[in-house]
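Let's take a walk through this structure together, stopping at a few places along the way. Keep the 3D view open as you read.

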Amino acid sequence: MTSLAAAPSPSVRVRAPGKINLSLRVGPVEEDGYHPLVTVFQAVALHEEVTATEVADGVGLSLTVDGPQADRVPLDASNLAWRAAEVLAEHVGTSPDVALHLSKGVPVAGGMAGGSADAAATLVACDALWGAGLSRAELSGLAARLGSDVPFALLGHTAVGTGRGHLLTPAMSRGEFHWAFATRDEGLSTPAVYGRFDEMYGTTAPPVDVADDNGLMQALRAGDPTALGAALHNDLEPAALELRPELERTLEIARNGGALGAMVSGSGPTVAALARSRQHALAIAATWTAEDAADAVWCTTAPAAGARVL
Ligand code: C5P
């Protein structure tokens, strides 16, 4: 007897990681409004999952979301995943007929590139669903058009980013590092933080230099968390702290709790603390919660792999 049940629509599920900038060095703003960067990215084991499901021709794009902060995610063309499907469809000459579902595991609007991970995962998922067969280099080129952090979400692991942060060179990192993150419900706009940076430093910010991260790169190669903690660096931190002074206390609590290093993550408002162990990360997170210095806390490890089909 043959089943009359309709076969499920083909779908592809892809996972992509969030990131931290172990170092973020920002040069003076250029004419296009962007800042030249030298940054050391490391992917963290907090992931976004994107499921791309085939729909009938002409149906177009749809987007649904679940996860702890799903209510804070736009479900229209302002979502980077939506734009990723459109950009890929245009590139391969098809129409973007696909149902996208995002399962959010990276803090929303926290400076950890969750939206960029969605975009990277969507590129990989739609490429597979539509049988486009683009190379990683082609996907990376499309990713850079979507946002400065999207190419790194494709690549994962550890990499030095230059240009806008989108030109990547993989870097070596030994072992596993333990992190605690304190997030806030109210996000911080990346352009606003860069704008504050411009007001604070104008065109006097010194040019960025990859050599300034030599110590950090050595700490990564050695797998030395103490040296890494001492080398963490974020040029956007003063601007983020001016916009959100309450983050100072979150940093101080982490330092008093023995964090090997603590900093604002990317453009914030997430605060990242490097811990000695998983237990130590949990203890720092518990203190943030007890002292009401975060709206949510997260513990994880780094590095993690880039976007891949599950
Ligand atoms: O590239 P992306 O869309 O992620 O950048 C968001 C905003 O962050 C930009 O509009 C710009 O204001 C700022 N930005 C910057 N310099 C960079 C990256 C981002 O000024 N290298």
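In this predicted model, the side chain of Ser173 forms a polar contact with the side chain of Gln42, at 3.0 Å. To find Ser173, look in the loop that runs between strand E6 (167-170) and strand E7 (177-183). Gln42 has company here: setting aside residues up to four places away in sequence, Ser173 touches Gln42, Thr158, Leu220 and Pro303. You can also check the spacing to Ala219, which lies 46 residues from Ser173 along the chain, with 8.3 Å between the two C-alpha atoms.

Next, turn to Asn234, which sits in strand E8 (residues 233-234). Is Asn234 buried or exposed? Its relative accessibility is 9%, and the cut-off for buried is under 20%, so Asn234 counts as buried. The side chain of Asn234 reaches the backbone oxygen of Gly266 at 2.9 Å. Apart from neighbours within four places in sequence, Asn234 is in contact with Leu24, Met263, Val264, Ser265 and Gly266.

Our last stop is a pair of helices. Helix H2 (residues 114-129) packs with helix H3 (residues 136-146) at an angle of about 140°, and their axes are 10 Å apart. Angles over 145 degrees count as roughly antiparallel; H2 and H3 are therefore oblique to each other. Their crossing is right-handed. Where do the two helices meet? On the H2 side you will find Ala119, Leu123, Val124 and Asp127, and on the H3 side Arg136, Leu139, Leu142, Ala143 and Leu146. Sorted by character, the residues of this contact are seven nonpolar, two charged and no polar.

Key
Residues are numbered from 1 along each chain as its sequence is written. This is a predicted model: local features need pLDDT of at least 70, side-chain atom pairs count only at pLDDT 80 or more; totals for chains, interfaces and linings use all residues. Side-chain values use heavy atoms; hydrogens and water are left out. Axes are lines fitted to C-alpha atoms, for helices over the stretch in contact, and angles run from 0 to 180 degrees between N-to-C directions. Helices (H or I, at least four residues) and strands (E, at least two) are DSSP runs, numbered from the N terminus. Angles under 35 degrees count as roughly parallel, over 145 as roughly antiparallel, 65 to 115 as roughly perpendicular and the rest as oblique. A crossing is left-handed if the near helix is turned anticlockwise from the far one by less than a right angle, and right-handed if clockwise. Contact means heavy atoms within 4.5 Å. Ala, Val, Leu, Ile, Met, Phe, Trp, Tyr, Cys and Pro count as nonpolar, Asp, Glu, Lys and Arg as charged, and the others, Gly among them, as polar. A polar contact is a pair of N or O atoms within 3.5 Å; within protein, one must be able to donate a hydrogen and the other to accept it, and residues adjacent in sequence count only if both atoms are side-chain atoms. Buried means under 20% relative accessible area, exposed over 50%, partly exposed in between (1.4 Å probe, protein chains only).
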